[in-house]
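Student: I have a protein in front of me and would like to learn how to read it. Could we go through it by question and answer?

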Amino acid sequence: MRVQKKSHCPSCNEQSVFSGGGVNHWLHGILSVMTFGFWAVIWLYITFFSKRAKNYTCDTCGTTIMLTG
Ligand SMILES: [Zn+2]
């Protein structure tokens with residue numbers, strides 16, 4: 001699920017639209033296979049943690065920041 005949020009971008013130094021809010025399960029699935037399941041532990045941690053703080057990417061410059069909610 002992609003979410004769009006307005007927030008201050010430290011790179012653009014102005015209010016910008018950020019999109020994100022979802023965990024990239026495809027990427028984590030591939031990493032889990034490559035690390036023989038080890039990454040699945042980190043994946044679960046990220047999935048749990050991302051309920052509080054999520055990665056959002058600035059639509060203007062591509063900077064990734066953490067936003068809550
Ligand atoms: Zn930006």
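Student: Among the contacts in the protein with a separation of 6 or more, what share comes from residues 24 or more positions apart?

Tutor: Before I answer, please keep in mind that this is a predicted model, in which local features need pLDDT of at least 70, side-chain atom pairs count only at pLDDT 80 or more, and totals for chains, interfaces and linings use all residues. Residues are numbered from 1 along each chain as its sequence is written. Two residues are in contact if their C-beta atoms, placed from the backbone, lie within 7 Å. Counting the contacts with a separation of 6 or more, the share from residues 24 or more positions apart is 50%.

Student: In what pattern do the helices and strands follow along the sequence?

Tutor: Helices (H or I, at least four residues) and strands (E, at least two) are DSSP runs, numbered from the N terminus. The protein has two helices and four strands. Read along the sequence, they give the pattern β-β-α-α-β-β.

Student: Which residue of S2 is the bridge partner of Lys5?

Tutor: Two strands pair if DSSP finds at least two bridges between them, and S1 and S2 pair in the antiparallel sense over seven bridges. Val3 stands opposite Gly20 in S2, while the bridge partner of Lys5 in S2 is Phe18.

Student: What value does phi take at Asn13 in the hairpin of S1 and S2?

Tutor: Asn13 is found in the loop between strand S1 (3-9) and strand S2 (14-20), and the hairpin has four residues between the strands. A residue is buried if 20 or more other C-beta atoms lie within 10 Å of its own, exposed if 12 or fewer, and partly exposed in between, with C-beta atoms placed from the backbone. Asn13 is exposed because it has 8 other C-beta atoms within 10 Å. Its phi is positive, in a residue other than glycine, and lies near 60 degrees.

Student: Which residue takes a positive phi just after H1?

Tutor: We should look in the loop between helix H1 (25-34) and helix H2 (38-49). The residue in question is exposed, because 8 other C-beta atoms lie within 10 Å. With a phi of about 55 degrees just after H1, the residue is Phe36.

Student: Is Ser32 in helix H1 exposed, partly exposed or buried?

Tutor: Ser32 has its place in helix H1, and leaving aside its neighbours within four places in sequence, Ser32 is in contact with Gly37, Trp39, Ala40 and Trp43. The C-alpha atoms of Ser32 and Ile42, ten residues apart along the chain, are separated by 9.0 Å. Because Ser32 has 18 other C-beta atoms within 10 Å, it is partly exposed.

Student: How many of the ten residues of H1 are buried?

Tutor: For the protein as a whole, 6% of the 69 residues count as buried. H1 is hardly covered, and the count of buried residues among its ten residues is zero.

Student: How far apart in space are Thr64 and Phe18, C-alpha to C-alpha?

Tutor: Thr64 lies in strand S4 (residues 64-68) and is exposed, because 11 other C-beta atoms lie within 10 Å. Not counting residues up to four places away in sequence, Thr64 touches Asn55 and Thr57. Thr64 and Phe18 are 46 residues apart in sequence, and their distance in space, C-alpha to C-alpha, is 8.6 Å.
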